[in-house]
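User: I'd like to learn how to read a protein model feature by feature. Could you take me through one?

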Amino acid sequence: MARGYFDRYKNFKFDGNVKPVPFIKLDIKPTDEYIITKENTRFDILSQRYFGTATHGFLILQANPELGSLENDIKTGTRIRIPLPFNDTIIEYNQKVKDHIKYYGL
């Protein structure tokens, strides 16, 4: 189930610069899984385990806005949501990015 690289910045590149990437909240699905963090939980490792690639840890952060943006600040024992299935999550993310650009521009 290996995945290729996904450039989440591609829609925000303009004239050689990357515009700020907005927060995109991912909807809760009945297929999502929940885990309890252990000491030094890393999202690249969770991404590899659940998505088949280490490059999609940002999706876990998007699914858990209450965690903020720094995985090092997440306390051991925190319950986090893994948005699954992967393909549905990528489709949802891409659609919400398109909607954001449509309504708010770059």
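Analyst: Happy to; we will go from the overall layout to a helix, the core, the ring pairs and a loop residue. Keep in mind that this is a predicted model.

User: Let's begin with the layout. How many helices and strands does the protein have, and in what order do the elements run?

Analyst: There are three helices and four strands. Starting at the N terminus, the order is β-β-β-α-α-β-α. Two totals add to this picture. Of the 106 residues, 38% count as buried. Among contacts with a separation of 6 or more, 74% are between residues 24 or more positions apart.

User: Now a single helix. Which residues of α1 are buried, and why do they line one face of the helix?

Analyst: Helix α1 covers residues 43–51, and its buried residues are F43, L46, S47, Y50 and F51. To read a face, look down the axis: the buried residues of α1 fall within an arc of 100°, so they line one face of the helix.

User: What do the buried residues of α1 pack against?

Analyst: Their packing partners are β3 (33–36), α2 (57–63), β4 (79–82) and α3 (86–104). Take F43 as a case: setting aside neighbours within four places in sequence, F43 is in contact with G57, I60, L61, L67, E71, I74 and I80. Just after α1 comes G52, with a positive phi near 85°.

User: How should I read the nonpolar core?

Analyst: The general idea is that nonpolar side chains tend to be buried together in soluble globular proteins. Here, the largest nonpolar core has 21 residues, and F43, L46, F51, L59 and I82 touch the most other members. At least two residues of this core come from each of α1, α2, β4 and α3. The largest share, five residues, is supplied by α2.

User: And the aromatic rings? How many aromatic pairs are there?

Analyst: For ring pairs, look at the distance between centres and the angle between planes. The count comes to two aromatic pairs. One is F51 with F86, a tilted pair at 5.2 Å centre to centre and 50° between the planes. F51 lies in α1 and F86 in α3, so this pair ties together parts that are 35 residues apart in sequence. Both rings are buried: F51 has 0% relative accessibility, and F86 has 7%.

The other is F58 with Y93, which is edge-to-face, with 5.4 Å between centres and 70° between the planes. This pair also links distant parts of the chain, with F58 in helix α2 and Y93 in helix α3, 35 residues apart. F58 is buried at 9% relative accessible area, and Y93 is buried at 1%.

User: Which residue lies over the face of Y34?

Analyst: That is R79, at 3.9 Å from the ring centre of Y34.

User: One last feature, a loop residue. Is T37 buried or exposed?

Analyst: T37 sits in the loop between β3 and α1. With a relative accessible area of 5%, T37 is buried, because the cut-off for buried is under 20%.

User: What lies 2.9 Å from a polar atom of the T37 side chain, and which residues is T37 in contact with?

Analyst: The backbone oxygen of K75 lies at that 2.9 Å distance from the polar side-chain atom of T37. Leaving out neighbours within four places in sequence, T37 is in contact with I74, K75, T76, G77, T78 and I80.

Note on methods
Residues numbered from 1 in each chain as written. Predicted model: local features only at pLDDT ≥ 70, side-chain atom pairs only at ≥ 80, totals over all residues. Heavy atoms only, no water. Buried < 20%, exposed > 50% of the residue type's maximum accessible area, 1.4 Å probe, protein only. Arc of directions from axis to C-beta. Contact = heavy atoms within 4.5 Å. Polar contact = N/O pair within 3.5 Å; in protein donor to acceptor, adjacent residues only side chain to side chain. Phe/Tyr/Trp six-rings, centres within 6.5 Å; stacked < 30°, edge-to-face > 60°. Lys NZ or Arg CZ within 6 Å of the ring centre and 35° of its normal. Core = buried A, V, L, I, M, F, W, Y, C linked by side-chain atoms within 4.5 Å.
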